[in-house]
Amino acid sequence: MKKRTFGATGAIILLLTVILCSCAKAEPHSASFQSMDTLMTVKVYGGDSDLCDRLQQRIAELDAQLDATDENSEINQLNQKGTAKVSDDTADILGRSLQLSGELGQAFDITVYPAVKAWGFPSGDYHIPTDEELKKLAARIDDTAIKSDHHTFTLPEGAMLDLGAVAKGYAADQCDTILKEGHAEAAVLNLGGTIRLYGKKPDGSRFSVGVADPDNPAGYFGYLSCDGGTVATSGGYERYFEKDGKRYIHILDPTTAKPVENGILSVTILCDDGTAADALSTALFVMGLDKATEYYRAHRDFDFIILTDDHSVYLTEGVYDEFTLCDGYDFHLKKVDR
Ligand code: AMP
Ligand code: MG
């Protein structure tokens, strides 16, 4: 019987394998976890091997301070007591939110919590308030009346905070510091509808972000190619309830305390600043197509993709040529000029 020997051929194959393996680009590290009431997935190329853990910890730390439904959070304490001294993070996000709220007018207000609660969104115990209740709820929404003195914030009578519209975008911005400190080459952070695209991918390819199909949110109706920034999407499909054949969504018009009904299915924003991207996606949803377009033309430091219920997709100049509709979607793409 012929004896099998490893021999010279085997040695060459082994050597080639070792060389090829060492030349191949390292696979990204990734992790999935539940935080801020949603499933998050982080993928990091290069840098320290514990970066995914550090990102998860940082997001959990922010969630613990900002979650209005958590009795131990600073936001919950502020809502209960009406006045409280808060940490650097909470003071920072409150400052940013109030500044954005000033720019976005009545479409965006971080004191919507009494109305959000009355409709039953945090608990899932849904309820349709009466017109009388809605009037009282709308009167309680006014973040311009919040007072601050360094880290001490005081809410107007009856007001309660909800940072649900900005927390994920703010978390995305905070993750940048960790990625920089840990020398990451690139990262894709999917913080549940808010996606941070960081650095340059090792293979030089651009980032590609799917835009969720409201009828089937696990799938996408199109893809956006971009080189970085934050892509934030707000949609009624993310949280809603139905009663007598009518759908009530979690995005409220602060002037009426009622769920928005304006023909918009989703708003996706591309913007370098994550906190702004998140606030804008919520606010432009509330504004409706015409006011959102006016707002874009007056500011122009972001782009949007707005999907309406007649299957039109409105795309601003910066994203129109970068968007690809998926096969099988008979949607009409319309360019929004500056
Ligand atoms: P997003 O998914 O970023 O659009 O945020 C929606 C969440 O923000 C809701 O679930 C509410 O908690 C809160 N919210 C709803 N309407 C508004 C609004 N007009 N301004 C600010 N926050 C809002
Ligand atoms: Mg938002």
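This section describes the overall fold, the ligand and magnesium sites, two helices and several loop residues of a predicted model.

In the predicted model, the secondary structure of the protein comprises 10 helices and 19 strands. Along the principal axes, the C-alpha atoms occupy a box of roughly 95 × 50 × 40 Å. Of the 338 residues in the protein, 49% are buried.

The magnesium ion (ligand 2) is bound by protein donors from Ala165, Asp278 and Thr282. Ala165 contributes its O atom, Asp278 contributes both O and OD, and Thr282 contributes OG1, at distances of 2.1 to 2.5 Å from the ion. Along the chain, these donors follow the spacing A-x112-D-x3-T. Aspartate 278 and threonine 282 both belong to helix α8, which spans residues 274-287. Because these two residues are 4 positions apart in α8, about one helical turn separates them. This relation accords with the general geometry of such helices: an α-helix has 3.6 residues a turn, so residues three or four places apart point the same way. Both helical donor residues are shielded by the protein. Aspartate 278 has a relative accessibility of 5% and therefore counts as buried, and threonine 282, at 14%, likewise counts as buried.

Ligand 1 is surrounded by 17 residues, of which the closest are Asp162, Ser234, His250, Leu252 and Thr282. Threonine 282 thus appears both among the closest residues to ligand 1 and among the donors of the magnesium ion. By class, the shell around ligand 1 consists of 9 nonpolar, 4 polar and 4 charged residues. Helix α8 supplies the largest share of this shell, with 3 residues. Aspartate 278, a donor of the magnesium ion, also approaches ligand 1 through its side chain, an N or O atom of which lies 3.0 Å from an oxygen atom of the ligand. Backbone atoms approach nitrogen atoms of ligand 1 as well. A polar backbone atom of aspartate 109 is 3.2 Å from a nitrogen atom of the ligand, and a backbone N or O atom of leucine 252 is 2.9 Å from a nitrogen atom of ligand 1. Taken alone, ligand 1 exposes 500 Å², and the protein buries 93% of that area.

Two further helices were examined for the distribution of buried and exposed residues. In helix α3 (residues 74-81), the buried residues are Ile75, Asn76, Leu78 and Asn79. Viewed down the axis of α3, these buried residues fall within an arc of 160°, so they line one face of the helix. The exposed residues Gln80 and Lys81 are carried on the face of α3 turned away from its buried side. In helix α6 (residues 131-139), Leu134, Leu137 and Ala138 are buried. The buried residues of α6 fall within an arc of 95° when seen down the helix axis, and therefore line one face of the helix. Lys135, Lys136 and Ala139 are exposed on the other side of α6.

Positive phi values are found at two aspartates in loops. Aspartate 37 lies in the loop between β1 (29-35) and β2 (38-45). Its phi is near 65°, a positive value in a residue other than glycine. With a relative accessibility of 57%, aspartate 37 counts as exposed. Aspartate 244 is located in the loop between β11 (240-243) and β12 (246-249). Although aspartate 244 is not a glycine, it has a positive phi of about 50°. The relative accessible area of aspartate 244 is 76%, and the residue is therefore exposed.

Two other loop residues are partly exposed and were considered together with residues separated from them in sequence. Asparagine 262 occupies the loop between β14 (258-259) and β15 (264-271). At 32% relative accessibility, asparagine 262 counts as partly exposed. In sequence, 24 residues separate asparagine 262 from valine 286, whereas their C-alpha atoms are 8.0 Å apart in space. Glutamate 322 is placed in the loop between α10 (317-320) and β18 (323-325). Its relative accessibility of 25% means that glutamate 322 counts as partly exposed. Glutamate 322 and serine 208 are 114 residues apart in sequence, with a C-alpha to C-alpha distance of 9.4 Å.

How values were computed:
Residues numbered from 1 in each chain as written. Chains lettered and ligands numbered in written order. Predicted model: local features only at pLDDT ≥ 70, side-chain atom pairs only at ≥ 80, totals over all residues. Heavy atoms only, no water. Donors = N, O, S within 2.8 Å, 3.2 Å for Na, K, Ca; no water. Buried < 20%, exposed > 50% of the residue type's maximum accessible area, 1.4 Å probe, protein only. Near = heavy atom within 4 Å. Polar contact = N/O pair within 3.5 Å; in protein donor to acceptor, adjacent residues only side chain to side chain. Areas by Shrake-Rupley, 256 points an atom, 1.4 Å probe, with all protein chains shown as cover. Nonpolar A, V, L, I, M, F, W, Y, C, P; charged D, E, K, R; others polar. Arc of directions from axis to C-beta.
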